[in-house]
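Please work through the exercises below with the sequence and the model open side by side, and try each task before reading its solution.

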Amino acid sequence: MTQSHPRISKAVIPAAGLGTRFLPATKATPKEMLPVVDKPAIQYVVEEAVSAGLDDVLMVTGRNKRPLEDHFDRNYELESALQKKGDADRLAKVQESSDLATMHYVRQGDPKGLGHAVLCAAPHVGHEPFAVLLGDDLIDPRDPLLKRMVEVQEQHGGSVIALMEVAPEQIHLYGCAAVDPTGDGDVVKVHDLVEKPAAADAPSNYAIIGRYVLDPHIFDILRKTEPGRGGEIQLTDALQQLAADEKVGGPVHGVVFKGRRYDTGDRGDYLRAIVRLACEREDLGPDFRTWLRSYVAEEM
């Protein structure tokens with residue numbers, strides 16, 4: 001009989017990074033607020049959590065991140081101005097972000113790595129399983145990765161990580177998982193994890209991407225985890241301990257994702273994400289695709 005595990009309701013979004021790859025744009029503007037077409041990247045991530053049934057969202061922020069809180073708060077002056085103009089469409093778009101979820105915020109303080117950022121969520125999460133969504137990874141809403149991960153966690157317990165096959169020469173950019181197959185085609189059992197290995201040392205070409213569903217025992221491990229690669233507390237190192245000993249916090253499974261993912265943490269991929277999403281919009285796509293074809297033809 002399939003074992004039932006506690007329902008997940010909380011999502012954690014680490015958003016304390018400095019965004020140095022996007023300087024000077026991020027000197028005074030959080031990288032999470034950079035627009036992807038006409039919405040900030042962070043809103044796509046919150047929308048993904050909500051669509052998976054997680055409407056209690058904790059954002060782990062840092063200094064100079066106040067615009068994130070403002071974006072998900074009400075702006076009465078702007079709403080009033082739009083209402084007086086009778087601009088119902090834009091008013092709805094402004095109100096959408098403030099009505100998405102129950103938002104909470106905590107500051108990381110010192111930027112000690114992703115593992116430390118997740119540990120900052122412990123008082124809010126308590127003893128419940130929870131999801132972690134990294135803001136640099138946008139997952140197309142037509143490919144419900146997080147919802148699938150929640151299903152796997154509720155079935156098996158423990159923790160679930162998102163995996164994607166990458167070219168061997170790219171594996172050094174990611175955490176990497178050593179896996180065994182299961183009865184489900186898109187689910188694997190994880191028995192080891194390595195943070196950003198050299199291609200020759202990688203146990204597979206399964207790269208960890210920015211979605212996790214974690215057992216709360218991860219907090220106990222993170223409290224004892226020493227700084228690893230880059231002098232930071234690595235979430236991968238803590239997950240490796242969970243994978244090595246199921247008695248600690250249950251098994252670690254991976255969901256192999258083959259859908260559409262947009263990496264907004266890289267300047268080139270950020271531009272490609274904008275182009276792809278704009279092309280697929282009903283209100284922008286037709287004209288934009290026509291212009292894009294013409295532009296490419298002229299350049300060729």
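The exercises that follow concern a predicted model, and each task is followed by a worked solution.

**Exercise 1.** Determine whether Arg-211 is buried or exposed, and find which side chain makes a polar contact with the side chain of Arg-211.

*Solution.* Begin with the location: Arg-211 belongs to strand β11, which spans residues 206-214. Next, consider accessibility: the relative accessible area of Arg-211 is 0%, and because buried means under 20%, Arg-211 is buried. Finally, examine the partners of the side chain, which makes a polar contact with the side chain of Glu-48 at 2.7 Å and also reaches the backbone oxygen of Asp-137 at 2.5 Å.

**Exercise 2.** Describe how helix α11 and helix α12 pack, and classify their relative orientation.

*Solution.* Take the geometry of the pair to start with: helix α11 (residues 267-280) and helix α12 (residues 285-299) have axes 7 Å apart and pack at an angle of about 125°. Since angles over 115 degrees but not over 145 fall outside the parallel, perpendicular and antiparallel classes, α11 and α12 are oblique to each other. The contact is built from Val-275, Ala-278, Cys-279 and Glu-280 on α11, together with Gly-285, Phe-288, Arg-289 and Leu-292 on α12. Sorted by class, this contact of α11 with α12 comprises 5 nonpolar, 1 polar and 2 charged residues.

**Exercise 3.** Identify which residues of helix α9 are buried, and work out where they lie around the axis.

*Solution.* In α9, which runs over residues 235-244, the buried residues are Leu-235, Thr-236, Ala-238, Leu-239, Leu-242 and Ala-243. These residues cover an arc of only 160° around the axis, and therefore they lie on the same side of α9. The general background is that an α-helix has 3.6 residues a turn, so residues three or four places apart point the same way.

**Exercise 4.** For Val-57 and then Val-256, establish the strand and the contacts made beyond four places in sequence.

*Solution.* Val-57 sits in strand β4 (residues 56-61) and, with a relative accessibility of 0%, counts as buried. Leaving out residues up to four places away in sequence, Val-57 touches Ala-11, Ile-13, Ala-101, Thr-102, Met-103 and His-104.

Turning to the second residue, Val-256 is found in strand β12 (residues 252-256) and counts as buried at 11% relative accessibility. With neighbours within four places in sequence set aside, Val-256 is in contact with Leu-163, Asp-186, Val-188 and Tyr-206. The C-alpha atoms of Val-256 and Ile-209 are 9.9 Å apart in space, although 47 residues separate the two in sequence.

Notes: Residues numbered from 1 in each chain as written. Predicted model: local features only at pLDDT ≥ 70, side-chain atom pairs only at ≥ 80, totals over all residues. Heavy atoms only, no water. Helix = DSSP H or I, 4+ residues; strand = E, 2+ residues; numbered from the N terminus. Buried < 20%, exposed > 50% of the residue type's maximum accessible area, 1.4 Å probe, protein only. Polar contact = N/O pair within 3.5 Å; in protein donor to acceptor, adjacent residues only side chain to side chain. Axes fitted to C-alpha atoms, helices over the stretch in contact; angles between N-to-C directions. Parallel < 35°, antiparallel > 145°, perpendicular 65-115°, else oblique. Contact = heavy atoms within 4.5 Å. Nonpolar A, V, L, I, M, F, W, Y, C, P; charged D, E, K, R; others polar. Arc of directions from axis to C-beta.
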